[in-house]
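Hi,

Here is the structure I promised to pass on, with my notes underneath. Have a look at it first, then read on.

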Amino acid sequence: MSDSGILIVDKPAGLTSQQVVGRVRRVFDARKRKLKVGHAGTLDPMATGVLIVGVGKATRLLGHLALHDKAYSATIRLGQSTSTDDAEGELIQASDASSISEQQLAEAIKPLTGDIMQVPSSVSAIKVNGKRAYALARKGEDVALAARPVTVSRFDVLDVRRLGEVLDVDVEVEVSSGTYVRALARDLGEALGVGGHLTMLRRSRIGRYNLADAVALDDISEEAMMPMARAARFSFPVRNVDEAQARNVGYGKPLDITVEGPVTGLVDPEGNLIALYAPDDSGAKPLAVLI
């Protein structure tokens, strides 16, 4: 069995991202084989879709893979606010949203598109004084998170359904890393004066990894794992190095070569990904050495 690679998992609803990691650990007998397993780009239990899981040395790639842009399908319910900005929270406000027109909806979406400042949800995984915001919020503590710059490159309405006093709005969004879709739902509801929260969220893409690459939880196996070199080609520029350069990489030495972009994968003569390098004044310096 291969001991390093990337799994693209179609996460089902009802499980945390960490529970998916636990399932992968059991399939790969990670404890006995002393394999690290981790994930990139957390999905809430309610959410489904693309979750990147790294096995073995591929866990060293995860921090870089998580920085890619992401695409989601979602349903926003207008007329109700919840404590978590999604359907798992307690209802804290209800308003009549039945009279909101599609034109009003479109006008409210405009300021939430492009380069914006977004206040993350209070139940996000952001750390506050060393503790996760969601852990503090669940203890009843007030959590005040600072607004941060994000990019919403697409925020399209696909369908609007009027259900009594609430409006269910099906949308597709494409966003930069660090954007919270449930915060978009919250802010859209606030802009319209009726409150809003997510009732469905499905991630369809992280960078170039999409649902077509994903496997169901029950189908996780060695055969489903993507080799690190292929994963790198999905994510970064890749450069081949010769045997002498590969030896220097193994010692963590800078290389007198030109690399593209802030992260470049280096592949040895056998086709294995051996490191990630970044530009440096003298050529290129190591970010992560995998041999």
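Asp85 and Arg186 are both buried, and they form a salt bridge in which the closest N and O atoms are 3.9 Å apart. Asp85 sits in the loop between strand S5 (80-82) and strand S6 (91-94), while Arg186 belongs to helix H6, so this pair ties together parts that are 101 residues apart in sequence. Please keep in mind that this is a predicted model.

How many salt bridges does a search of the whole structure find? The count is 15. Besides the pair above, two others seemed worth describing to you.

One is Asp168 with Arg77, where the closest N and O atoms are 2.7 Å apart. This pair also links distant parts of the chain, with Asp168 in strand S11 and Arg77 in strand S4, 91 residues apart. Asp168 counts as buried at 5% relative accessibility, whereas Arg77 is partly exposed, with a relative accessible area of 23%.

The other is Asp218 with Arg23, at 3.5 Å between the closest N and O atoms. Asp218 lies in the loop between strand S13 (209-210) and helix H7 (228-235), and Arg23 lies in helix H1 (residues 17-27), so the salt bridge ties together parts that are 195 residues apart in sequence. Here Asp218 is exposed, with a relative accessible area of 70%, and Arg23 is partly exposed at 26%.

There is also a network of salt bridges, which links Asp69, Arg154, Asp156, Glu172, Glu174 and Arg205.

Now for the strands. Which strands pair with S3, and in what sense? Strand S1 (residues 5-11) pairs with S3 in the antiparallel sense over 7 bridges, and Gly5 stands opposite Val55 in S3. Strand S2 (residues 37-40) also runs antiparallel to S3, joined to it by 4 bridges; here His39 stands opposite Val53. With strand S12 (residues 196-206) the pairing is parallel, over 2 bridges, and Gly49 of S3 stands opposite Arg203 in S12. As for exposure, S3 (residues 48-55) is mostly covered, with 8 of its 8 residues buried.

Helix H4 (residues 102-109) is the next item: its buried residues are Leu105, Ala108 and Ile109. Why do they line one face of the helix? Seen down the axis of H4, these buried residues fall within an arc of 100°, so they share one face. That fits the usual helix geometry: an α-helix has 3.6 residues a turn, so residues three or four places apart point the same way. What do the buried residues of H4 pack against? Their partners are strand S4 (70-78), strand S10 (148-163), strand S11 (166-175) and helix H6 (181-191). Some of these elements came up above: S4 holds Arg77 and S11 holds Asp168, and H6 holds Arg186.

Finally, the annotation. An unreviewed UniProt entry lists residues 182-225 as "domain: tRNA pseudouridylate synthase B C-terminal". Over residues 182-225 the chain is 23% helix and 30% strand, and the C-alpha atoms at the two ends are 31 Å apart.

Over to you, and happy browsing!

Best wishes

Notes. Residues are numbered from 1 along each chain as its sequence is written. This is a predicted model: local features need pLDDT of at least 70, side-chain atom pairs count only at pLDDT 80 or more; totals for chains, interfaces and linings use all residues. Side-chain values use heavy atoms; hydrogens and water are left out. UniProt positions are given in the numbering used here, feature names are shortened, and annotations may be inferred rather than shown by experiment. Buried means under 20% relative accessible area, exposed over 50%, partly exposed in between (1.4 Å probe, protein chains only). The arc is that of the directions from the helix axis to the C-beta atoms. Contact means heavy atoms within 4.5 Å. Two strands pair if DSSP finds at least two bridges between them. A salt bridge is a side-chain nitrogen of Lys or Arg within 4 Å of a carboxyl oxygen of Asp or Glu.
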